[in-house]
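Let's take a friendly walk through this structure, going from helices to loops and then to charged pairs. Have the sequence and the 3D view at hand.

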Amino acid sequence: MRVTMKFLVFGAGVLGCNLANNLFRAGKDVTLLARGPWAEEIRSNGLRVKNSISRRTAVSRIPVAAELSSEEPYDVIFVAVRYTQIETILETLRASRAKTIIFVGNNVRAAETAALLPEKNVLFAFTSAAGHRESNHVDSVDLRKITVGPLRGAPSQEGLVQEIFAGTRYKVTYEPNMGDYLLCHTAFVLPAVFACYKTDGNLKKLKKDNAYLNRLIDANIEGYRAIQNAGHEILPEVDKEFEGAKYRKTCFRFFKLMCATVLGKICASDHAMNAADEMRALNRDMKAFFDAADAEYPVWQALEAECGKYLP
């Protein structure tokens with residue numbers, strides 16, 4: 001591998017733009033794949049990323065590509081597209097020269113995704129960034145935290161991960177079991193998505209509804225219980241005691257904060273309302289997992305039934 005690694009970020013939504021911006025500002029050789037008016041905006045005026053809290057805007061003159069050429073010598077491709085779009089780009093990824101592919105974002109079928117790219121070194125990642133894209137900038141909160149690694153039982157990729165993120169401002173957590181990590185993440189996030197759909201995106205309607213917030217926690221616990229009973233690991237480590245009072249108290253504080261402040265819009269409802277197709281697919285596949293595991297999830301199903309047009 002060359003001394004200077006060459007990166008492509010495939011996908012120019014909130015996650016992809018924040019990732020590309022952070023790599024570029026750390027001096028990495030990175031290109032962002034974007035199309036249409038958004039690509040022209042970046043070429044003309046730079047990639048503009050505005051912090052939703054501080055309102056400061058970072059501008060990066062990052063190279064833009066309209067497609068992934070099979071001849072381009074990328075070392076690592078970060079795939080930052082929606083869960084529903086992954087299958088549509090697998091042939092393109094398979095034909096690329098990149099040896100390492102890192103899927104960034106939601107995925108409850110990580111093992112199936114990796115199996116479709118047998119000649120690649122496939123990793124998965126989840127980054128703590130959220131927000132929305134405007135016509136000329138990304139408006140987001142980016143905590144510069146990323147959890148990344150391979151599937152359970154795969155050879156260690158810790159050295160490669162350290163090399164990729166060396167010199168960046170990311171707080172990197174290496175996770176050797178990203179399949180279970182992403183499964184657990186979905187079991188935590190989807191109940192919050194149900195809340196977004198129940199309120200048409202206005203989570204503040206629930207800030208005093210403690211009974212409903214406790215139902216969100218019940219649904220999350222149903223999911224974790226099914227995952228654990230199916231032989232999977234509960235991740236992150238801090239969530240392992242999910243049946244205890246301490247876990248419930250922590251989750252209640254989180255959901256209360258989410259519904260009482262602007263963080264709910266930035267971190268939950270913006271994406272839920274703009275990516276209902278992705279949320280439907282995640283919910284469909286999560287329920288398929290529950291059913292295959294013979295799990296009971298009545299609270300989950302009751303919350304889902306209250307989502308109306310969003311989860312038909």
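## Helix H7 and its surroundings

In this predicted model, helix H7 runs over residues 210-229; its 20 residues reach 28 Å from the first C-alpha to the last, close to the 28 Å expected at 1.5 Å a residue. A good part of the helix is worth colouring by burial: Tyr212, Leu213, Leu216, Ile217, Ala219, Asn220, Ile221, Glu222, Gly223, Tyr224, Ala226 and Ile227 are its buried residues.

What lies over those buried residues? The cover includes helix H6 (178-198), helix H8 (245-260), helix H10 (276-292) and helix H11 (298-305). Just after H7, look for Gly231, which takes a positive phi of about 95 degrees.

## Helix H10

One of the helices covering H7 is H10, so let us turn to H10 next: its 17 residues should span 24 Å at 1.5 Å a residue, and the end C-alpha atoms are indeed 24 Å apart. The buried residues in H10 are Ala276, Glu278, Met279, Ala281, Leu282, Asn283, Asp285, Met286, Phe289 and Phe290.

These buried residues pack against H6, H7, helix H9 (263-274) and H11. Just after H10, Asp294 has a positive phi of about 60 degrees.

## Two loops that flank H7

Thr199 sits in the loop between H6 and H7. Is Thr199 buried or exposed? Thr199 is buried, because its relative accessible area is 3% and the limit for buried is under 20%. The side chain of Thr199 reaches the backbone oxygen of Cys196 at 3.2 Å. Leaving aside residues up to four places away in sequence, Thr199 touches Lys205 and Leu206.

On the other side, Lys240 belongs to the loop between H7 and H8. With a relative accessible area of 25%, Lys240 is partly exposed. Its side chain makes a polar contact with the side chain of Glu233, at 3.2 Å. Beyond residues up to four places away in sequence, Lys240 touches Glu233, Ile234 and Leu235. Lys240 and Asp180 are 60 residues apart in sequence, and their C-alpha atoms are 12 Å apart in space.

## Strand S3 and the loop after it

Leu47 is found in strand S3, and at 0% relative accessibility Leu47 counts as buried. Which residues does Leu47 touch, not counting those up to four places away in sequence? They are Cys17, Asn21, Leu32, Trp38, Ile42, Ala58, Val59, Ser60 and Ile62. Leu47 also lies 8.4 Å from Asn136, C-alpha to C-alpha, with their positions 89 residues apart in sequence.

Ile53 is in the loop between strand S3 (47-51) and strand S4 (57-60). Ile53 is exposed, with a relative accessible area of 54%. Together with Leu257, Val262 and Leu263, Ile53 forms a nonpolar patch on the surface, with about 340 Å² of accessible area in total.

## Salt bridges

How many salt bridges does a search of the whole structure find? The search finds 15. In one of them, Lys6 pairs with Glu72, the closest N and O atoms being 3.9 Å apart. This pair links distant parts of the chain: Lys6 is in strand S1 (residues 6-10) and Glu72 is in the loop between strand S5 (64-65) and strand S6 (76-79), 66 residues apart. Lys6 is buried at a relative accessible area of 15%, whereas Glu72 is partly exposed at 30%.

Arg94 forms a salt bridge with Glu91, and here the closest N and O atoms are 2.5 Å apart. Both residues lie in helix H3 (residues 90-95), three residues apart, about one turn of the helix. An α-helix has 3.6 residues a turn, so residues three or four places apart point the same way. Arg94 is partly exposed, at 31% relative accessibility, and Glu91 is exposed, with a relative accessible area of 57%.

The side chains of Lys265 and Asp270 also meet in a salt bridge, at 2.9 Å from N to O. Lys265 counts as partly exposed at 46% relative accessibility, while Asp270 is buried at 8%. Elsewhere, salt bridges that share partners join Lys6, Asp29 and Glu72 into one network.

Conventions
Residues are numbered from 1 along each chain as its sequence is written. This is a predicted model: local features need pLDDT of at least 70, side-chain atom pairs count only at pLDDT 80 or more; totals for chains, interfaces and linings use all residues. Side-chain values use heavy atoms; hydrogens and water are left out. Helices (H or I, at least four residues) and strands (E, at least two) are DSSP runs, numbered from the N terminus. The expected span of a helix is 1.5 Å times one less than its number of residues. Buried means under 20% relative accessible area, exposed over 50%, partly exposed in between (1.4 Å probe, protein chains only). Contact means heavy atoms within 4.5 Å. Patches are made of residues with over 30% relative accessible area and no salt bridge: like charges are joined within 9 Å, nonpolar side chains (Val, Leu, Ile, Met, Phe, Trp, Tyr) within 5 Å. Accessible areas come from the Shrake-Rupley method with a 1.4 Å probe; for residues, only the protein chains shown count as cover. A salt bridge is a side-chain nitrogen of Lys or Arg within 4 Å of a carboxyl oxygen of Asp or Glu. A polar contact is a pair of N or O atoms within 3.5 Å; within protein, one must be able to donate a hydrogen and the other to accept it, and residues adjacent in sequence count only if both atoms are side-chain atoms.
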